[in-house]
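Q: Could you take a close look at the surroundings of the ligand for me, and then follow the trail outward from there? I'd love one connected account rather than a list.

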Amino acid sequence: MSYQETHRRSLEQPAEFWSGLAEELHWYRRWDHVLDDSNAPFFRWFVGGETNMCYNAVDRHALGSKRGQAALIWESPEAEQSRTLTYHELYREVNKLAAVLKYNGVERGDRVIIYMPMVPEAIFGMLACARIGAIHSVVFGGFSISSLASRITDAEPTMILTADAGLRKGSPVQLKPIVDEALDLAETDSVKHVLVYNRDIINCQMQEGRDLDWYEEIEQHGQQYVEPERMKSTDPLYILYTSGTTGKPKGVVRDTGGYMVALHASMSQVYNVGDGDVYWSTSDIGWVVGHSYIVYAPLLKGVPTVAYEGRPDHPDPGIWWRIIEKYGVTCVFTAPTALRALRKFPEHWMKNADISSMRRIFSAGEPLDAPTYEWATEVLQVPVIDHYWQTESGWSMLANSVGIEDLPIKGGSPTFAAVGHHLEVVDIDGNPVPRGTKGLLVDYPPLPPGMLMTLWRDDERYIKSYWSHFQDKLLYLTGDYAIQDEDGYFFMLGRADEVLNVSGHRLGTREIEEVISAHPAAAEVSVIGVRDEIRGEAVLVVAVLKSHISKADEDNIANEMRQLVRDRIGAIATPHGVHFVSTLPKTRSGKIMRRVIRAVYQGDNLGDISTIEDDATVDMIREAVDAMQREL
Ligand code: ATP
Ligand code: MG
């Protein structure tokens, strides 16, 4: 069946469409209703059904024909270690940890915060929670004391799983000491135990009675078999906070059954991955991509998944390609920020390994600009497929669903709506706009399986953030600005609240960034709108140049960039200022925080920057802005 037909069927007959896919998985009890939309916008899938995510992702294979096959491949250039676990070994490890959690009082419905580096034990932790029906909330192992404390306060966990430390370019990143301080700061005393996985990276203090040693606990209490809990399809599997690119992170709540079915289906439909494949998502379990595509989806599908502790360029920019060669990785899922980081280095790094096993690279998280897309396609010699999604969606909303139909790629476009998603570009009143007109990207109800259930203990914020933007129209607001071309391909234009208004013309930040990125010296570009008395808003460019560019060339490059914008978009969009820095302020998930640049420039309050990657980038922007203001 073609994409068009499949997609149409998923919208017209959602119950038939999704129930067929759900039947491929194990249910203790079959659902009574595929979809309950009686309490919109709270959509519930497979209502009445009972299942267990861990059983489906692990036991089903460990007790079946995949017992001896690789499930989890851990590669850590940071620790200079690697480890491969078969489905049966994974089953054993998860079971041991589940027994430890239960012994220490974690019950069904309790929350468990996982604040760990990218080690297999963190993944055992997620799966063990799923097994016993505890709700995990993974907090990226690099977040600050205050970020962790606010998530502890919000989620009220009974237990925290942590390690002594993570590693970043060979240096320790403290974890356990951060947990100690975050617990002092958190406004709850819900936490009874902290289970500490000691990697012997740093010395950490253990608090008698509260803190438990991972190995000792496994040794003493890990032998008991733990029956997977029969979870309702609509029971929450996890809480995950959004990246906080635009403001205070939202605690996205994910269900069990709908998410499981959507992820399992996506492996064949979106990624075209199945038996014989080796899947690698370069993300971190701290992000939604890591939840879905390092842990749950590949395991549900029964393919080996690579979990990676490290960066794209450490110990050198050839590391990723050597890993692909080592394991014969067939499908890679990465982010534009990583591709752009690699693009800064000479191409020979990519050519030194045999990466012929790789069939496709997928990208999500930020717009994949056309120049980076073209570069990657050419150097890697495989299709590079952009797909668009959010923490809220759990899996892709827009994609070239190559497992359904391998559609022609248009550079810079995440193609069409994924099955189950009815996406439209609308105006501020919620009316669809003609193709070729910019507008807000919305999703028509009902939301497909896998989408968020609500925000943790905050139904009101769920409705307010996503559903109350248009009068008399119930539409899910993605928060992103988009356009469809004449063939219906979607192009993302940036965040809706970052749209520039220059002399009455509405421009997405992405449109200008795309043009400037085409400059051969550009490595990373961010465009923001700043207040301007005459034009309403003026265009400010803050960019990072490629590593070999010298300071002396900067003025020329700035002028060439201005000229590019004039030529390709028009004089109205001509940047008011062009500035170069060595790194841009980003969230720890690698997204550019344009609102921080704007706030610095305008001297406004910075707002919540607890999710920023590196505080120093704010100072860097401040210096660039000062320099610019001196020049003006
Ligand atoms: P917050 O909502 O807290 O501000 P966030 O939106 O950055 O944080 P995520 O859920 O991690 O948190 O990111 C989703 C967003 O990332 C999307 O709404 C979109 O803006 C951007 N995005 C993701 N994939 C793509 C893509 N392929 N093309 C363009 N933008 C993308
Ligand atoms: Mg968001």
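A: Happily! Let's agree on one term before we start: a polar contact is a pair of N or O atoms within 3.5 Å. Please also keep in mind that this is a predicted model.

Let's begin with the residues around ligand 1. There are 21 of them, and those that come nearest are T242, T245, T246, T391 and D480. Sorted by class, this shell is made up of 10 polar, 7 charged and 4 nonpolar residues. Three side chains reach an oxygen atom of the ligand with a polar atom. For T246 the distance is 2.4 Å, for T242 it is 2.6 Å, and for K250 it is 3.1 Å. The cut-off is 3.5 Å, so the pair made by T246 counts as a polar contact. The pairs of T242 and K250 qualify by the same cut-off. As for how enclosed the ligand is, ligand 1 exposes 630 Å² when taken alone, and the protein buries 94% of that area.

Among the nearest residues, D480 gives us a way outward, because its number falls within strand β26, residues 476–484. That strand is joined to β27 by 5 bridges, and the two run antiparallel. One place to see the pairing is Y481, which stands opposite G494 in β27. In general, strands of a sheet pair through backbone hydrogen bonds, either parallel or antiparallel. Stepping back, β26 and β27 belong to an open sheet of 4 strands in the order β23-β24-β26-β27, with antiparallel pairing. At its edges are β23 (423–426) and β27 (490–495), each of which pairs on one side only. From one strand to the next, the twist averages 45 degrees.

Another member of this sheet, β24, leads to a backbone feature. P446 sits in the loop between β24 (439–443) and β25 (454–455), and the peptide bond joining P445 and P446 is cis, with omega about 0 degrees. There is a cis bond from H314 to P315 as well, with omega near 5 degrees; P315 belongs to the loop between β17 (305–308) and α11 (319–327).

While we are on backbone geometry, have a look at K169. Its phi is near 50 degrees, a positive value in a residue other than glycine. K169 is found in the hairpin of β9 and β10, which has 2 residues between the strands. The strands themselves, β9 (165–168) and β10 (171–174), run antiparallel and are joined by 4 bridges; L167, for instance, has P172 as its bridge partner in β10.

A second sheet makes a good counterpart to the one that carries β26. Its 3 strands form an open sheet in the order β30-β31-β32, and here the pairing is mixed. β30 (522–532) and β32 (577–580) stand at the edges with a single partner strand each, so one side of each is left without a neighbour in the sheet. The twist here averages 20 degrees from one strand to the next. β31 (536–545) runs parallel to β32, to which it is joined by 4 bridges, and V541 has V578 as its bridge partner.

Finally, the side chains hold 35 aromatic pairs. One of them is F140 with W287, stacked at 4.5 Å centre to centre with 20 degrees between the planes. F140 lies in the loop between β7 and α6 and W287 in the loop between β16 and α10, so the pair ties together parts that are 147 residues apart in sequence.

How values were computed:
Residues are numbered from 1 along each chain as its sequence is written. Chains are lettered from A and ligands numbered from 1 in the order in which they are written. This is a predicted model: local features need pLDDT of at least 70, side-chain atom pairs count only at pLDDT 80 or more; totals for chains, interfaces and linings use all residues. Side-chain values use heavy atoms; hydrogens and water are left out. A residue is near a molecule or strand if one of its heavy atoms lies within 4 Å of it. A polar contact is a pair of N or O atoms within 3.5 Å; within protein, one must be able to donate a hydrogen and the other to accept it, and residues adjacent in sequence count only if both atoms are side-chain atoms. Accessible areas come from the Shrake-Rupley method with a 1.4 Å probe; for residues, only the protein chains shown count as cover. Ala, Val, Leu, Ile, Met, Phe, Trp, Tyr, Cys and Pro count as nonpolar, Asp, Glu, Lys and Arg as charged, and the others, Gly among them, as polar. Two strands pair if DSSP finds at least two bridges between them. Axes are lines fitted to C-alpha atoms, for helices over the stretch in contact, and angles run from 0 to 180 degrees between N-to-C directions. Rings of Phe, Tyr and Trp (its six-membered ring) pair if their centres lie within 6.5 Å; planes under 30 degrees apart count as stacked, over 60 as edge-to-face and the rest as tilted.
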